[in-house]
Structure formats: structure tokens, C-alpha cells
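Trainee: Could we go through this model together? I would like to see how each label is earned.

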Amino acid sequence: MTEDDRRRGRHETEEERADRMWGELIQEVRVAQTGVQILFGFLLTVVFYPKYGQLPDTDQHIYIVTVVLGACTTGALIGPVSLHRLVSGRRVKPRAVRLAARLTFLGLVLLLATMTSALLLILRVATRDSYVPWLVAAVVAWYLVCWFGLPLWARRRHTTDPENR
């Protein structure tokens with residue numbers, strides 16, 4: 001394979017590219033869905049513990065926001081599966097892949113918000129120290145670097161086609 005062949009990428013039709021991208025997207029969604037489902041399942045049980053009624057109003061409000069964010073995250077990350085099922089066989093896969101990718105990205109943003117809210121709640125309950133917001137901010141910064149910063153840097157640094165940057 002010559003250098004020119006490597007720079008041009010794959011030789012595939014729009015449908016073949018959509019099939020490949022769909023498979024990759026679904027694998028990515030599976031990873032995120034597992035974590036979200038475990039977190040959301042845990043969140044749904046918290047309200048049934050006796051200590052929940054003893055939480056200050058602020059912590060109860062954070063809990064409610066966290067559960068709603070978890071529900072929205074779950075919806076966004078399951079959305080691509082439903083989309084695929086409902087449009088399968090309709091010859092719209094390239095458009096469906098783009099829409100599913102947007103839903104997945106939205107799901108990741110919502111997951112960031114859910115994780116932030118859950119971490120804030122847990123650390124507030126575990127300790128009333130003033131360093132909790134700083135610790136949460138540091139973890140959120142880490143998430144931003146891992147989930148968005150590094151991928152965007154790699155995309156910018158290693159994309160050879162200026163139109164796709």
C-alpha cells in the first residue's frame with residue numbers, strides 16, 4: 001500500500017461506510033449503556049433507604065436532578081437502538097447513522113452531567129467538608145480531558161484531510 005492509498009482512506013460506498021460506522025457506533029453505545037444502566041439502577045434504589053428521608057433538602061434536590069439526568073442519559077444512549085429498529089430496511093442508514101451519532105454524543109454530555117451530579121451527592125453525604133466542590137471540579141476536568149479533550153486533540157493532530165478537521 002502506497003502513502004497515497006493510506007491518505008485516501010477506505011474505498012467503500014456510502015452504504016458500506018454507513019454499515020461500518022453503524023457497527024462501530026453500536027459497540028461504543030454498548031460500553032456507555034452498561035455503565036449508565038448500573039448507575040441509574042443504583043440511583044433508583046436510593047430513595048427507598050431510610051437515610052434518604054434524613055437528607056437535607058439540598059441533597060434531596062441534587063438526588064432528584066441526578067435521577068432525571070440519569071433517565072435522560074439512558075434515553076439518549078438507547079435512542080440509537082430504537083432508531084435503527086424503526087428505520088431498518090427503509091434505505092436511510094447513512095442519515096440514521098448521523099442522527100444516532102448525535103444522540104450518542106448527547107448521551108455522553110448527559111452522562112457527564114449525571115456523573116457530576118452523582119459524585120457531588122455522594123461526596124456531600126460522605127463528608128461535609130468544603131473541599132467537595134473542588135474535588136468534583138477536578139474529576140469533571142479529568143472527564144473533560146479523557147472524553148473530549150484528548151479525542152479532539154487526536155482528531156485535529158492526526159486528521160490528514162483538512163475538510164474533516
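Trainee: What makes Y143 and W147 about one helical turn apart?

Mentor: Both belong to helix α5 (residues 132-158) and are 4 residues apart, which means a separation of about one helical turn. Helices here are DSSP runs (H or I, at least four residues), numbered from the N terminus. Do keep in mind that this is a predicted model: local features need pLDDT of at least 70, side-chain atom pairs count only at pLDDT 80 or more, and totals for chains, interfaces and linings use all residues. Residues are numbered from 1 along each chain as its sequence is written, and side-chain values use heavy atoms, leaving out hydrogens and water.

Trainee: Why is the pair of Y143 and W147 called stacked?

Mentor: Rings of Phe, Tyr and Trp (its six-membered ring) pair if their centres lie within 6.5 Å; planes under 30 degrees apart count as stacked, over 60 as edge-to-face and the rest as tilted. For Y143 and W147 the centres are 4.9 Å apart with 10° between the planes, so stacked is the right word.

Trainee: And why is Y143 called buried?

Mentor: Buried means under 20% relative accessible area, exposed over 50%, and partly exposed in between (1.4 Å probe, protein chains only). Y143 has 16%, so it counts as buried, while W147, at 29%, is partly exposed.

Trainee: What makes the pair of Y52 and Y63 edge-to-face?

Mentor: Their planes meet at 65° and their ring centres are 5.1 Å apart, so edge-to-face fits. Y52 sits in the loop between α2 (14-46) and α3, and Y63 in helix α3, so the pair ties together parts 11 residues apart in sequence.

Definitions and conventions. Helix = DSSP H or I, 4+ residues; strand = E, 2+ residues; numbered from the N terminus.
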